[in-house]
Amino acid sequence: MVYDFHTHTSYSDGKLSPMELARWASDRGYRALGLTDHVGVGALHELMSRLKADRDVIERHWPLHVVVGGGADTSPT
Ligand SMILES: [Zn+2]
């Protein structure tokens, strides 16, 4: 089983949108995919909402199991 549980999409510093990444992964035989972007603390809730909506669309259209997660970028003060 091919999978990657740590990816970045165009929501942070990745090049592909979640849909493009799903197509890329499915074409290469992946069966599970983690969408795990990094954003500022204040944007984490919005990110998770977007990724969950994308997960629902992806799982309807590709034979992929999608796990969503988010990393909050912080910097020391
Ligand atoms: Zn990461």
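Before I start, a reminder to myself: two strands pair if DSSP finds at least two bridges between them. The model I have open is a predicted one.

**Entry 1: strand pairs**

I began with β2, which covers residues 30-40, and looked for its link to β1, residues 2-4. I found three bridges joining β1 to β2, and the two strands run parallel. To get my bearings I picked Y3, and its bridge partner in β2 is A32.

Next I turned to β3, residues 65-73. How many bridges does β2 share with β3? I have nine on my list, and the pairing is again in the parallel sense. I noted two places to click on: G34 has V67 in β3 as its bridge partner, and H38 stands opposite G71 in β3.

**Entry 2: the sheet**

Which order do the strands take in the sheet? I read it as β1-β2-β3, an open sheet of three strands with parallel pairing. β1 and β3 are the edge strands, since each pairs on one side only. I also looked up the turn between neighbouring strands of this sheet: it is 15 degrees on average, with direction ignored. Then I checked what lies on the sheet, and α2 packs there, touching β2 and β3. The direction of α2 makes about 165 degrees with that of β3.

A general note for my own use: side chains in a regular strand alternate between the two faces of the sheet.

**Entry 3: the crossover**

I followed the chain from β2 through α2 to β3 and asked myself: is this β-α-β unit right-handed or left-handed? The unit made by β2, α2 and β3 is right-handed.

**Entry 4: the helix pair**

Last, I compared α1, residues 18-27, with α2, residues 44-61. The two helices pack at an angle of about 40 degrees, and their axes are 10 Å apart. Why do I call α1 oblique to α2? Because the angle is about 40 degrees, and only angles under 35 degrees would count as roughly parallel. I wrote down the crossing of α1 and α2 as right-handed.

Which residues make the contact? From α1 I have P18, M19 and A22, and from α2 I have L51, D54 and I58. Sorted by class, the contact of α1 with α2 has five nonpolar residues, one charged residue and no polar ones.

Notes. Residues numbered from 1 in each chain as written. Predicted model: local features only at pLDDT ≥ 70, side-chain atom pairs only at ≥ 80, totals over all residues. Axes fitted to C-alpha atoms, helices over the stretch in contact; angles between N-to-C directions. Helix = DSSP H or I, 4+ residues; strand = E, 2+ residues; numbered from the N terminus. Parallel < 35°, antiparallel > 145°, perpendicular 65-115°, else oblique. Left-handed = near helix turned anticlockwise from the far one by under 90°. Contact = placed C-beta atoms within 7 Å. Nonpolar A, V, L, I, M, F, W, Y, C, P; charged D, E, K, R; others polar. Right-handed = clockwise from strand over helix to strand, strands pointing away.
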